[in-house]
Amino acid sequence: MLKKQTVWLLTMIGLVVVLSVYYVMSPTSQTAVTYEDSEVVSTENGEEWVFEDEVDVATESSPEDLFNVLRMEVQDERSALKEQLTSKVASADFSAAEKDEAYEAMEELNRLESKEKLIETMIRAMGYEDALVRTDEERVLITVKSIDQEHSKEAANELVQLGRREMGENTFVSVMFEPAE
C-alpha cells in the first residue's frame with residue numbers, strides 16, 4: 001500500500017514539474033483575474049479578454065462534427081469505465097471472482113470496440129462517406145453519412161444485416177442516414 005502511494009506521489013510531483021516548466025516556457029503568459037461572474041484574462045501584449053459565466057453561444061455543427069463529438073463522448077465514457085475496471089482488477093479489496101468478472105468486462109468492452117470499428121470500416125468500404133456505430137445494451141445504432149439524399153429500404157436492410165452478422169443475429173439494429181455536407 002505504501003508503495004502505491006509513493007508511486008502516485010512521485011507521479012503527481014512529476015506532473016506538477018512538467019506543468020510548471022510548460023507555464024514558464026510558454027511564449028504568451030496569461031494572467032487571470034476573477035470578478036464576480038466574469039473572468040478577465042490579460043496577455044503579454046496587453047490584450048484583455050472578458051469571459052462571462054452566462055454567455056449563450058449557439059453554433060451549428062456539421063454532421064462531420066457531430067460524428068466526431070459522438071465518437072469522443074463514447075470514447076470518454078468507455079475510458080472512464082475501463083479505468084474503474086482496471087482499478088478494481090488491481091485492488092486488493094476485491095475477491096478473485098470479482099476481479100475475474102471485472103477483467104472479463106474489460107475484455108468484452110475491447111471486443112465490442114473492435115466490432116464497432118470493423119463495421120464502420122466495412123460501411124465506408126461500401127461507398128458511404130462515413131459511419132458511426134454505437135452499441136447500447138442490446139441495440140446497435142448505425143448512423144451513416146451519405147452523399148445521396150434518397151436512401152432505399154434495400155440499403156438500410158443491407159446495413160441491418162451487416163450489423164446483425166457482426167454483432168449477433170438476435171441484436172436489434174437501427175439505421176439512420178445523415179446527409180453529407
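## A tour of the E4-E5-E6 sheet and its two helices

Start with the sheet: three strands make an open, mixed sheet, ordered E4-E5-E6. (Helices are DSSP runs of H or I with at least four residues, strands are runs of E with at least two, both numbered from the N terminus; two strands pair if DSSP finds at least two bridges between them.) This is a predicted model, where local features need pLDDT of at least 70 and side-chain atom pairs count only at pLDDT 80 or more, while totals for chains, interfaces and linings use all residues. Residues are numbered from 1 along each chain as its sequence is written, and side-chain values use heavy atoms, with hydrogens and water left out.

Now colour the edges, E4 (130-136) and E6 (172-179): each has a single partner strand, so one side of each lacks a neighbour in the sheet. On average, neighbouring strands here are turned by 15 degrees against each other, direction ignored.

Next, select E5, residues 139-146. Seven of its eight residues are buried (under 20% relative accessible area, with exposed over 50% and partly exposed in between, using a 1.4 Å probe and protein chains only). On one side, E5 runs antiparallel to E4, joined by seven bridges. Click Val133 and you'll find Ile142 of E5 opposite; for Ala131, the bridge partner in E5 is Val144. The E4-E5 hairpin has two residues between the strands, and Glu137 takes a positive phi near 55 degrees there.

Over to the E6 side: E5 and E6 pair in the parallel sense, over eight bridges. Here Ser146 stands opposite Pro179 in E6.

Time for the helices. Show H4 (residues 153-167), which lies across E4, E5 and E6 and runs at about 135 degrees to E6. (Axes are lines fitted to C-alpha atoms, for helices over the stretch in contact, and angles run from 0 to 180 degrees between N-to-C directions.)

Then add H3 (residues 96-125), which packs against H4 at about 150 degrees, with the axes 10 Å apart. That makes the pair roughly antiparallel (over 145 degrees; under 35 is roughly parallel, 65 to 115 roughly perpendicular and the rest oblique). To see who touches whom (contact means heavy atoms within 4.5 Å), pick Leu112, Lys115, Leu118, Ile119, Met122 and Ile123 on H3, then Leu159, Leu162, Gly163, Arg165, Glu166 and Met167 on H4.
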